[in-house]
Amino acid sequence: MSTAAQPRARPALPGSGAISRLACRVVQPVLARVVRRIAARHPSLFARLGTHQGTDFLIDPVDLPFALHLRPDPEALLFRAVPRDAAPEAGAVIRGRFMLLLELVDSEEDGDAAFFSRDLEVTGDTEAVVRLRNALDDVDGSIAGETAAMFGPPGRAILARLRRAYSDDMNMKEGA
C-alpha cells in the first residue's frame, strides 16, 4: 500500500451544452466592458507581465457554468467567457471557486495558502501565473470594487453580498 497522498477526485464541472453557451453570451458584453476599463485604468499591469502578455490564461471558476479565457496582450486584449467543452489551449490554468478567485484578484486571499490547501489549482506555466499575481498585487485599490462600481449601487451591493457570503462560508469552514 502506497503512503503517497492520493489526489482529491474532482467532480465533473458544469460547462457544456446550451446553458453554458447562453451564460457565455449573456456575460460577454460585461466582460468586454470590464477588461477595457481595467486596462485603461491600470496600463502598468501589462508591463509587469513582460513576455507573458501573450500567454493564454484559462481562469476556471468551478462553481460557474463557464471558464474565462484571458490574453493580457495590450495590442490584442482578450477576456471572454467560454464553455468548458470549448475552452482553448492555455499556457496556464487557474482553477478554484469564483469568490476565491475574486479575492485573489484583490489580494484579499493568500494564494499560496489556497494552493497548498488545494482550494486553488494551478497548472501549466507557473511563471506566467506568478507574473499575473504580482501584477495584480501592484494595483492600488480593488479591481473587484472598480468593476462593481461600473454598475452603480446595484453592482456594489451585489459585490458586498457576495463577499459577506464568502466570508461566512470561510468562517464556517474554519470552525468545522
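Partly exposed, for a residue, means a relative accessible area between the 20% below which it would be buried and the 50% above which it would be exposed. Keep that in mind as you click around; the model in your viewer is a predicted one.

**Stop 1: Ala165.** Select Ala165, which you'll find in helix H7. Its relative accessibility is 33%, so Ala165 counts as partly exposed. Now add Ser117 and draw a C-alpha to C-alpha distance: the two are 48 residues apart along the chain and separated by 20 Å.

**Stop 2: Val30.** Hop over to helix H1, where Val30 lies. At 36% relative accessibility, Val30 is another partly exposed residue. Try the C-alpha distance again, this time to Asp85: 22 Å in space, with the two positions 55 residues apart in sequence.

**Stop 3: the core.** Which residues have the most contacts inside the largest nonpolar core? Select Phe57, Leu68, Ile94, Leu120 and Leu132; the core they belong to has 38 residues. Helix H1, residues 17–41, supplies the largest share of this core, with six residues.

Centre the view on Ile94 and show what surrounds it. Setting aside residues up to four places away in sequence, Ile94 touches Phe57, Leu58, Ile59, Asp60, Leu101, Leu120, Glu121, Val129 and Leu132. Phe57, Leu120 and Leu132 are also on the list of residues with the most core contacts.

**Stop 4: the hairpin.** Next, show strand E2 (residues 67–71) and strand E3 (residues 78–82) as a cartoon. They run antiparallel and are joined by five bridges. To check the register, pick Ala67: its bridge partner in E3 is Val82. Between E2 and E3, the hairpin connection takes six residues.

**Stop 5: His69.** Stay in strand E2 and select His69. Is His69 buried or exposed? Its relative accessibility is 2%, so His69 counts as buried. Turn on side chains and look for Asp56: a polar contact of 2.7 Å links its side chain to that of His69. Beyond the neighbours within four places in sequence, the contacts of His69 are Asp56, Phe57, Leu58, Leu78, Phe79, Arg80, Val82 and Pro88.

**Stop 6: helix H3.** Now select residues 98–105. Why is helix H3 described as largely enclosed by the rest of the structure? Because six of its eight residues are buried. Those are Met99, Leu100, Leu101, Leu102, Glu103 and Leu104.

To see what covers the buried residues of H3, colour these pieces one by one:

- strands E1 (57–61), E4 (92–96) and E5 (120–124), which are part of the cover;
- helices H4 (111–116), H6 (143–149) and H7 (152–175), which are also part of it.

Before moving on, look just after H3: Ser107 has a positive phi of about 60°.

**Stop 7: rings.** How many aromatic pairs does a search of the whole structure find? One. Select Phe115 and Phe116, whose rings sit edge-to-face, with 5.2 Å centre to centre and 80° between the planes. Phe115 has a relative accessible area of 36%, so it is partly exposed. Phe116, at 67%, is exposed.

Finish on Phe151. The charged end of Arg33 sits over the ring of Phe151, 5.0 Å from the ring centre.

Definitions and conventions:
Residues are numbered from 1 along each chain as its sequence is written. This is a predicted model: local features need pLDDT of at least 70, side-chain atom pairs count only at pLDDT 80 or more; totals for chains, interfaces and linings use all residues. Side-chain values use heavy atoms; hydrogens and water are left out. Two strands pair if DSSP finds at least two bridges between them. Helices (H or I, at least four residues) and strands (E, at least two) are DSSP runs, numbered from the N terminus. Rings of Phe, Tyr and Trp (its six-membered ring) pair if their centres lie within 6.5 Å; planes under 30 degrees apart count as stacked, over 60 as edge-to-face and the rest as tilted. Buried means under 20% relative accessible area, exposed over 50%, partly exposed in between (1.4 Å probe, protein chains only). A charge sits over a ring if NZ of Lys or CZ of Arg is within 6 Å of the ring centre and within 35 degrees of the ring normal. A nonpolar core is a set of buried Ala, Val, Leu, Ile, Met, Phe, Trp, Tyr and Cys residues joined through side-chain atoms within 4.5 Å. Contact means heavy atoms within 4.5 Å. A polar contact is a pair of N or O atoms within 3.5 Å; within protein, one must be able to donate a hydrogen and the other to accept it, and residues adjacent in sequence count only if both atoms are side-chain atoms.
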